[in-house]
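Reader: I'd like to go through this model with you and ask how each statement about it is justified. Shall we begin?

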Amino acid sequence: MADQAFQVDLRGVVDLLSRHLYASPRVYLRELLQNAVDAITARGADGGRVVIETGGGVLRVHDDGVGLTETEVHTLLATIGRSSKRDELGFARHDFLGQFGIGLLSAFLVADEIEVVTRSARGGAAVRWTGRSEGSYRVEPGRRAEPGTTVTLRARQGAAELLSPAAVADLARTYGSLLPVELTVDGSPITGDGPPWLAHHRDPAARKRALERYCEELYGFTPFDVVDLEVPEAGLTGVAFVLPQAVSPTARAAHRVYVKRMLLAEGVEGLLPEWAFFARCVVDAGELRPTASREALYEDELLDATRDGLGDVLRQWLVRLAETDPPRLRGFLRLHQLGVKAMALHDDDMLRIVDRWLEYETSAGPMTLAEFRRRHPDGRFTASVDEFRRLSAVAGAQGVGLVNGGYVHDTEIIERLPDLDPDICLSRLDAAELTTTFGVLDPAAELSLRPFLAAAQRAVDRLGCEVVVRDFDPASLPALYLTSRDAQFREELGRARDEAGELWADVLGAVGATAGVERPQLVLNHRNPLARRVMSLGDGGPVEPAVQALYGQALLLGHHPLRPADTAVLNRSFIGLLEWAVHAPEAPR
Ligand SMILES: Nc1ncnc2c1ncn2[C@@H]1O[C@H](COP(=O)(O)OP(=O)(O)OP(=O)(O)O)[C@@H](O)[C@H]1O
């Protein structure tokens with residue numbers, strides 16, 4: 001049996017295009033414009049004009065492009081998927097916007113009939129082709145004096161609005177205002193001087209102002225800065241507008257992308273690396289490939305390389321800003337530090353910028369990491385904000401520099417600093433090491449405190465903590481609860497063991513046995529007047545509730561989690577102290 005040819009149900013195909021390929025029937029005008037521009041390109045002459053006429057539900061698009069011969073009309077217009085814009089091997093020809101051979105069908109989204117009157121610049125008579133959406137077409141002699149093509153659409157029911165003069169002018173401006181041909185709609189010019197970022201200006205300041213105005217018109221904000229973009233291998237030029245406000249790094253930035261001066265889409269994602277969420281771009285790229293819907297860019301190696309290239313441009317902009325205008329850089333960092341920190345995780349230039357310009361919370365007030373290291377060559381950092389809050393005053397008072405590495409990315413950034421310079425040494429604080437710099441009391445004082453210490457230890461023994469008395473700053477702090485990281489681990493282990501079943505309790509027990517033996521410490525401050533008065537109680541009076549109250553207060557101050565036993569002790573100490581406060585002194589308990 002002989003091979004049979006496929007049949008195509010045109011209605012089905014148009015339905016497929018309108019529902020699944022194109023986001024909106026508005027694209028019909030883009031496709032017509034694109035064909036007209038391609039025909040002008042194919043003719044190869046300078047200039048070229050596209051004239052659009054509207055009115056009465058009819059749309060006419062005239063071009064003075066290459067036109068089609070009768071044979072071409074049969075093969076190109078009537079064969080779905082056939083395009084003159086691909087070479088023998090099926091590759092898209094470089095200069096054209098179209099390539100798939102389906103664009104003309106989008107006219108069926110708004111019209112039941114497409115009429116094409118065309119005359120080839122290569123000779124031959126004019127031809128009139130009429131295609132109908134139910135799947136038939138007719139070719140007849142046409143009338144046309146000059147080479148070129150006119151496409152005529154009559155609005156189908158319900159589509160009149162899309163073919164109205166205002167809608168057509170609007171669509172033409174959206175898609176075609178940067179095109180390199182002369183385009184008019186009902187006599188009004190749509191195209192102007194091409195991409196605003198390539199326009200000539202008196203001086204750089206005037207150019208910058210013009211681009212700022214362009215950004216205001218497009219996006220409704222005045223940019224923090226305007227950055228010129230160029231990636232030669234993608235044939236890309238454009239501008240990035242740096243947002244004047246902080247944005248969530250998870251909000252995907254959408255960019256305005258033109259391909260060969262025709263708008264691809266206003267909301268293209270993934271053009272910049274993820275970290276560059278602080279910029280909105282408008283670009284024109286000759287080499288990037290659109291998907292068949294022409295609403296997104298095709299993910300290929302070139303797009304990857306382009307993304308990296310654009311990332312480089314933005315990174316260089318930042319480095320230059322750091323060198324030439326530090327106050328402005330600081331302003332930028334205040335807005336977009338999260339993005340910059342994310343960059344610094346992988347990029348040494350960004351890490352240097354963070355190190356030199358970003359202010360961190362430290363025990364000596366806000367300062368940059370570089371400044372902090374200069375002042376505290378042997379400084380420490382905490383990996384949590386709570387730990388920093390808890391210990392910064394104590395560390396600061398003891399001359400141990402402490403920097404807060406508790407916010408997003410900060411610990412990783414600090415740990416990456418040796419990549420810049422192997423001599424940089426900022427290590428993580430182990431809270432237990434702070435006690436070593438606490439002043440130890442002289443032996444006589446120590447001896448006289450023995451009874452008190454024994455009583456105090458009894459008061460908090462069941463809470464698993466050890467009481468020590470030290471001499472430290474700040475004097476305003478009566479007591480401090482210190483968990484070394486090791487003790488903290490065991491504490492968590494203990495909690496897990498209480499919650500786990502017997503089998504796990506054994507396993508966890510085995511782990512616990514290998515860990516060290518330090519317990520969390522309640523460090524009472526010998527310099528603090530209130531703590532001193534509590535110590536002077538010896539082992540009598542309200543020493544138990546007083547020590548327990550100091551314990552509870554130290555826990556609260558340090559944002560430590562309260563276990564049920566801690567809460568119970570806090571309550572008991574409160575009631576105990578209250579009883580002491582309201583009892584007659586001659587009736588002590
Ligand atoms: N205004 C025009 N002047 C000359 N030829 C045209 C014109 N419009 C369409 N054609 C011819 O018809 C062919 C099919 O057009 P169609 O718009 O369907 O696909 P395409 O432009 O090749 O690709 P795409 O689907 O990517 O737009 C084109 O390749 C071109 O040869």
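Reader: Which helices each supply at least two residues of the shell around the ligand?

Author: H2 and helix H3 (70-77) do. Do keep in mind that this is a predicted model. H2 gives the most to that shell, with 5 residues.

Reader: What makes a residue part of the surroundings of the ligand, and how many are there?

Author: The C-beta atom, placed from the backbone, has to lie within 6 Å of the ligand. By that test 23 residues surround the ligand, and the closest are Asn35, Ser83, Ser84, Gly98 and Gly103. The shell divides into 9 nonpolar, 11 polar and 3 charged residues.

Reader: How do you know whether the span of H4 fits what is expected for a helix?

Author: Helix H4 (residues 165-176) has 12 residues, and at 1.5 Å a residue 16 Å is expected. From first C-alpha to last, H4 reaches 16 Å, so the span is close to the expected one.

Reader: Which residues of H4 are called buried, and why?

Author: They are Val168, Leu171, Ala172, Tyr175 and Gly176. Each is called buried because 20 or more other C-beta atoms lie within 10 Å of its own. Seen down the axis of H4, these buried residues fall within an arc of 100°, so they line one face of the helix. Their cover includes helix H2 (27-43) and strand S1 (49-55).

Reader: What makes S17 and S18 edge strands?

Author: The open sheet has the order S17-S16-S18, with parallel pairing. Strand S17 (402-404) and strand S18 (427-428) each have a single partner strand, so one side of each is left without a neighbour in the sheet.

Reader: How do you know that S16 pairs with S18?

Author: Pairing needs at least two bridges, and 2 bridges join strand S16 (residues 380-382) to S18, so the two count as paired. Arg380 stands opposite Ser427 in S18.

Terms used. Residues numbered from 1 in each chain as written. Predicted model: local features only at pLDDT ≥ 70, side-chain atom pairs only at ≥ 80, totals over all residues. Helix = DSSP H or I, 4+ residues; strand = E, 2+ residues; numbered from the N terminus. Buried ≥ 20, exposed ≤ 12 C-beta atoms within 10 Å, placed from the backbone. Arc of directions from axis to C-beta. Contact = placed C-beta atoms within 7 Å. Nonpolar A, V, L, I, M, F, W, Y, C, P; charged D, E, K, R; others polar.
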